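User: I am new to reading structures and would like to know the reasons behind the terms. Could we go through this one step by step?

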Amino acid sequence: MSLATRPVPVVDNWNRPFWQACGEGRLILQRCTATGRCFFPPAPVSPFTGRPQWEWTEASGQGELWSFVVFHQNYFAGMKDEMPYPVVMVKLDEGPFLLTNLDGMTAAEARIGMRLAVRFPGGPEGFRLPQFGPAEAVA
Amino acid sequence: MPADLAPGRDQTGLQAPGIQAPWAMRDTVAFAGIGTTRYGNFPETDSYGLGCEALNAALDDAGLKPGDIDGLIVNRMPSYERFAEIMGINPQYCLLTEAPGRFSGVSLALAAQAIATGAAKTIALVYGNNGRSVRMMYGGGDSQWSPWGMTSPGAIHAMMWQRHMHQYGTTHADLGWVAEAFRHHACLNPDAVMHGRPITRQDHAAARPICEPLKLLDYCLINDGAVAWILTSAERARDMKRPPVLLSGYARQDAFHYGSAPADDFWQPTLGACQSVYDRAGIGREDIQGLGIYDNFSPTVLFSLEGLGFCKPGEGGDFVRDGALQLGTGRWPTNTSGGHLSDSYMQGWGIIAECVRQLRDDCGDRQIPNAQAMQYICATNIAQSLILRRDA
C-alpha cells in the first residue's frame, strides 16, 4: 500500500469541506434541500434545481460495488508500486457514484453487487482518501 | 429503460427530437470533397502540416482552390487562426471545435447549419492530429478521480464493459468479433496502419491487458494523420467535380448528468433518442447498407448498436457474433476502412470520410456492393447519429 504517494486531490471551494471531513474520517455529501437528493462531485448548485440550495450531510458510507477495473498501465509515478491496481465504482446508498479503491480485499474477491463500506486508511500528506472494503468487516 | 437505472438520478425521460417530423435540412447539404493523409508516425511535420496535406487533397478532390473556401472549422490543431494564416484562407465563418472525438459529428452539424443559414457557402473542415509523434498520453494528470488512480478514456469504457457483462451476460469474447472484423477490413485497405497484419479472435483474447477487462486489441490506435471534408449546399455540389454525398439526417442528444463517472446506462436513453435520425433522413434502417461506428474502444460498437435499436439492450454480443459487421460475411459491414481499432485514430473524421467514399464507389477491395446510404453512430455523452446517402 502506498497511499502516501498517491496523486494529491485538486481542492477547490466546493470540495474543500469534503476533503476536510475525509481528514476526520467522515464521508459527507451535498444534499439538495428542495429534492432531498445527494450529488457528487461537490458543486456550487444542486443539479436537480440549478439553485444554491443544498446542505452538507453525513453519508452512511455504505454502498454497492457497481463495477470495477484493474489497471495494468501506469499513469502516475506515485502508484508504480501498486501495479496492477483495481479501481471500483461504488454506488452509495445516497445515490451518487464514487470511483475509489479496495481496502482489505483484492480485485479477485470483488463481486458486482456486493456491499461495501468506507474506510480511511491514509493518503498523501494532509489528506485521507476514502477507500472501500467489505461491509461486514466494519461494525 | 433497464430496471436498474440509477434511482438517484434525474431520469426525466429524453424526448426524441423531431421524431416523425421531416428535418428542415434533409439532403440540403453535401460533401463535395474528401481528403485524408497517410497514417503513421511523422515527426518531420506536425498537425498543421498534416492538416494542410489533407485539405489540399480535399480541395483537389472537389476541384476547388483555397480562395473558394469561405468557412473554416478546425479541429485538434492548436489554432484556427494560424491554420487559416498558413493556408491563406480569410473566411467569413471560422472556429476551432473541442478536441474530443464527439466533435467530429458536432463540427459537421455546425457546418451544415452555417451553410443552411447562409453564414457560409463552402466550408472546409480540417482535422489534424500528431498524437503519435508527440507521444500523446491519454490519461494521467490531475483530475477529479486521479487520487484513486482512475484515469484515461479506456478505463471509463472498461468500467462500463465490466458492468455490461454482469448485467447482460456478454463476454470479452464478443468483442473479439468486432476487433477481428475491423482488422479484416484494414487488411483490405492499403492505407490502414494495420494493413497486412491480420488478427484472429484468439489473438484478441490473448492480448495483454491494459485496463481489465479490456485488452490491447480493444483499444484504438494512436497515430498521426489528418482528414478534411469540404461541405457546401447540395445544389452547388452538383456542379462540382465529384458526385455529391448528401447529409440526409442528423440527430443528437447530450447527457451530462453522470457525475464525472462512467455512464451507468451505456448511453441507451440518449442513443435511443438518436433513432430520430431515420425519420429526419426519411431513410429506414433496412435502407442502409453499411455503418460507421465510433470505435475508440470495442465496447462502444455494441453500445451503439444497442442504443440505435439494431438489437435490444444487452444483445449486442449476440448481434456481432459470426461476423455480422464484416464485409462479405454480415448484413452490416461496419468501419470498412478498419476504423479506429485498425485503420487510423482520426476521432470520427476518418470514419465519416469512409462513409462518403463508400457512397462514391471509391473503396476498391473494401467496397460495399450497391451502397446507397450509410449511417454513422457515436456513443458518448454527446450521442449522435447521422445518415448519408448518394444523390439520386
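User: Which residue stands opposite B:Ala30 in E8(B)?

Analyst: The model is a predicted one. In it, B:Leu246 of E8(B) stands opposite B:Ala30.

User: What makes strand E1 and strand E8 of chain B a pair?

Analyst: Two strands pair if there are at least two bridges between them. Strand E1 (residues 29-36) and strand E8 (residues 245-254) of chain B have 3 bridges, in the antiparallel sense, so by the cut-off of at least two they pair.

User: Where do these strands sit in the sheet of chain B?

Analyst: The sheet is open, has 9 strands and runs in the order E3-E2-E4-E7-E1-E8-E11-E10-E9 (chain B). Its pairing is mixed. From one strand to the next, the twist averages 25 degrees.

User: Why are E3 and E9 of chain B said to stand at the edges?

Analyst: Strand E3 (93-97) and strand E9 (290-293) of chain B each have a single partner strand, so one side of each is left without a neighbour in the sheet.

User: What lies across E1 of chain B?

Analyst: Helix H3 (residues 103-117) of chain B lies across E1, and also across other strands of chain B, including E2, E3, E4 and E8. Helix H3 runs at about 170 degrees to E2(B). Angles over 145 degrees count as roughly antiparallel, so that is the word for H3(B) and E2(B).

User: Why are H1 and H2 of chain B called oblique?

Analyst: The axes of helix H1 (residues 47-62) and helix H2 (residues 80-87) of chain B cross at roughly 55 degrees and come within 11 Å. Under 35 degrees would count as roughly parallel, and 65 to 115 as roughly perpendicular. The angle of roughly 55 degrees is in neither range, and H1(B) and H2(B) are therefore oblique to each other. Their crossing is right-handed.

User: Which residues make the contact of H1(B) and H2(B)?

Analyst: H1(B) gives B:Tyr48, B:Gly51, B:Cys52 and B:Leu55, while H2(B) gives B:Arg82, B:Phe83, B:Ile86 and B:Met87. They divide into 6 nonpolar, 1 polar and 1 charged. Gly counts as polar and Arg as charged, so B:Gly51 is the polar residue and B:Arg82 the charged one.

User: How do you know that chain B is as compact as a globular protein of that length?

Analyst: The secondary structure of chain B comes to 13 helices and 11 strands. The radius of gyration of chain B is 20 Å and the globule rule gives 21 Å for 392 residues; the two values are close, so chain B is as compact as a globular protein of that length. Along the principal axes, the C-alpha atoms of chain B fill a box of roughly 55 × 50 × 45 Å.

User: How many residues of chain B are in contact with chain A?

Analyst: On the side of chain B there are 31, in contact with 32 residues of chain A. The largest share of the chain B side, 6 residues, comes from H4(B). That side divides into 13 nonpolar, 13 polar and 5 charged residues.

User: What makes E4(A) and E5(B) a pair?

Analyst: Strand E4 (residues 62-71) of chain A and E5(B) have 2 bridges, in the antiparallel sense, and the cut-off is at least two, so they pair. In this pairing, A:Val70 stands opposite B:Glu212.

Note on methods
Residues are numbered from 1 along each chain as its sequence is written. Chains are lettered from A and ligands numbered from 1 in the order in which they are written. This is a predicted model: local features need pLDDT of at least 70, side-chain atom pairs count only at pLDDT 80 or more; totals for chains, interfaces and linings use all residues. Axes are lines fitted to C-alpha atoms, for helices over the stretch in contact, and angles run from 0 to 180 degrees between N-to-C directions. Helices (H or I, at least four residues) and strands (E, at least two) are DSSP runs, numbered from the N terminus. A crossing is left-handed if the near helix is turned anticlockwise from the far one by less than a right angle, and right-handed if clockwise. Two residues are in contact if their C-beta atoms, placed from the backbone, lie within 7 Å. The radius of gyration is taken over C-alpha atoms; the globule rule is 2.2 Å times the number of residues to the power 0.38.
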